[in-house]
Structures are given as C-alpha cells and as structure tokens.
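Me: Got a few minutes to go through a model with me? I'd like to ask short questions and hear how you get to each answer.

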Amino acid sequence: GFTTRSWTAPPVRVASLTRRAMAMDVGKITKDCESKMKKSLESVQSNLDTLRAGRASTNLLDRVMVDYYGAETPLNQLAGISVSGGQALIVDPYDKSTLGDI
C-alpha cells in the first residue's frame, strides 16, 4: 500500500520571513504616505496663498496663464506684478507688445 506523508514548512522561518516582508512593506507604505501628505500640504498652502483677505496680493495671479506665441505661459513670467495701495494690483509687461495678450 501507499503511505501518506505530510510536509509543513518550519513555522519559525516562515514567520520570520513574513515579519521582515511586512516590515519592509510598512516602511515603503509609510514613505509613500509621507510623500503624498507633503504634496497635499503644499497644494493646500498654494491654494490658501491665492485667497484674498482684505488686501491685494500678487499671489492672486499665480495661476493666471497667458497665450504667449502659442504657448500657455504664467503671467508672472511675462510681467512684473506689484501691489498698489493695498487694494490694487499693477501688471507691468516686460514686453509691451504682449499687452493685448495679457
């Protein structure tokens, strides 16, 4: 007749490998989460910078894009932006021919 044998892996070794693999995964996940959280916080800060709180801020125009010779270009790369009197922004193009585009 036939005899049956059962084989099981040594539990200590398997558990040890599993713990190491889990520790590596936890470290990787933690680093990934930290990176994503940092990007989220930077995004929130950027959004908050564009809010107006009773005073004009040059950050209000950070996201304004201008079609400059067929390429979308940030306004702050085409013009100097300054605050006048706390309530108004002054946009002074570096190249006066872009005034119509701006």
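Reply: Sure. One term up front: a contact here means heavy atoms within 4.5 Å. Also keep in mind that this is a predicted model.

Me: Using that cut-off, which residues does threonine 73 touch, leaving out those up to four places away in sequence?
Reply: Threonine 73 sits in strand S2, residues 71-74. Apply the 4.5 Å heavy-atom limit and skip residues up to four places away, and the list for threonine 73 is Val64, Met65, Val66, Tyr68 and Leu78.

Me: Is threonine 73 buried or exposed?
Reply: The cut-off for buried is under 20% relative accessible area. Threonine 73 comes in at 12%, so it counts as buried.

Me: And which backbone oxygen does the side chain of threonine 73 reach?
Reply: Stay in strand S2, which covers residues 71-74. The side chain of threonine 73 gets to 3.1 Å from a backbone oxygen, and that oxygen belongs to alanine 71.

Me: Let's zoom out. What pattern does the chain follow along the sequence?
Reply: The chain has two helices and four strands. Read along the sequence, they give α-β-β-α-β-β.

Me: How many bridges join strand S3 to S4?
Reply: S3 spans residues 79-84, while S4 spans 88-93. They form a hairpin with three residues between them, and glycine 85 in the turn has a positive phi of about 70°. One of the pairings puts isoleucine 81 opposite valine 91 in S4. The strands run antiparallel, and the number of bridges is six.

Me: Which residues make up the largest nonpolar core?
Reply: In soluble globular proteins, nonpolar side chains tend to be buried together. In this model the largest such core has five residues: Leu61, Val66, Leu75, Leu78 and Ala79.

Me: Take leucine 75: is it buried or exposed?
Reply: Leucine 75 lies in helix H2, residues 75-78. Not counting residues up to four places away, it touches Leu61, Val64, Val66, Ile81, Val91 and Ile102. Its relative accessibility is 5%, so with a limit of under 20% leucine 75 counts as buried.

Me: What separates the C-alpha atoms of leucine 75 and methionine 65?
Reply: The two residues are 10 apart along the chain. In space, the separation between the C-alpha atoms of leucine 75 and methionine 65 is 5.5 Å.

Me: Which residues is leucine 78 in contact with, leaving aside neighbours within four places?
Reply: Leucine 78 is one of the core residues. Its contacts also include threonine 73 and tyrosine 68. With neighbours within four places set aside, the full list for leucine 78 is Val66, Tyr68, Thr73, Pro93, Tyr94, Asp95 and Ile102.

Me: Why is the tyrosine 68 and tyrosine 69 pair edge-to-face?
Reply: A search of the whole structure turns up one aromatic pair. The ring centres of tyrosine 68 and tyrosine 69 are 4.7 Å apart, with their planes at 70°. Planes over 60 degrees apart fall in that class, so the pair is edge-to-face.

Me: Which of those words fits tyrosine 69, buried or exposed?
Reply: Its partner, tyrosine 68, is at 25% relative accessibility, so it counts as partly exposed. Tyrosine 69 has a relative accessible area of 68%, and the limit is over 50%, so tyrosine 69 is exposed.

Me: Last one: which residues does threonine 98 touch, not counting those up to four places away?
Reply: Threonine 98 is in the segment after strand S4. Its relative accessible area is 2%, so it is buried. Its contacts beyond four places are Tyr68 and Pro93.

Technical notes. Residues numbered from 1 in each chain as written. Predicted model: local features only at pLDDT ≥ 70, side-chain atom pairs only at ≥ 80, totals over all residues. Heavy atoms only, no water. Buried < 20%, exposed > 50% of the residue type's maximum accessible area, 1.4 Å probe, protein only. Core = buried A, V, L, I, M, F, W, Y, C linked by side-chain atoms within 4.5 Å. Pairing = 2+ DSSP bridges. Phe/Tyr/Trp six-rings, centres within 6.5 Å; stacked < 30°, edge-to-face > 60°. Polar contact = N/O pair within 3.5 Å; in protein donor to acceptor, adjacent residues only side chain to side chain.
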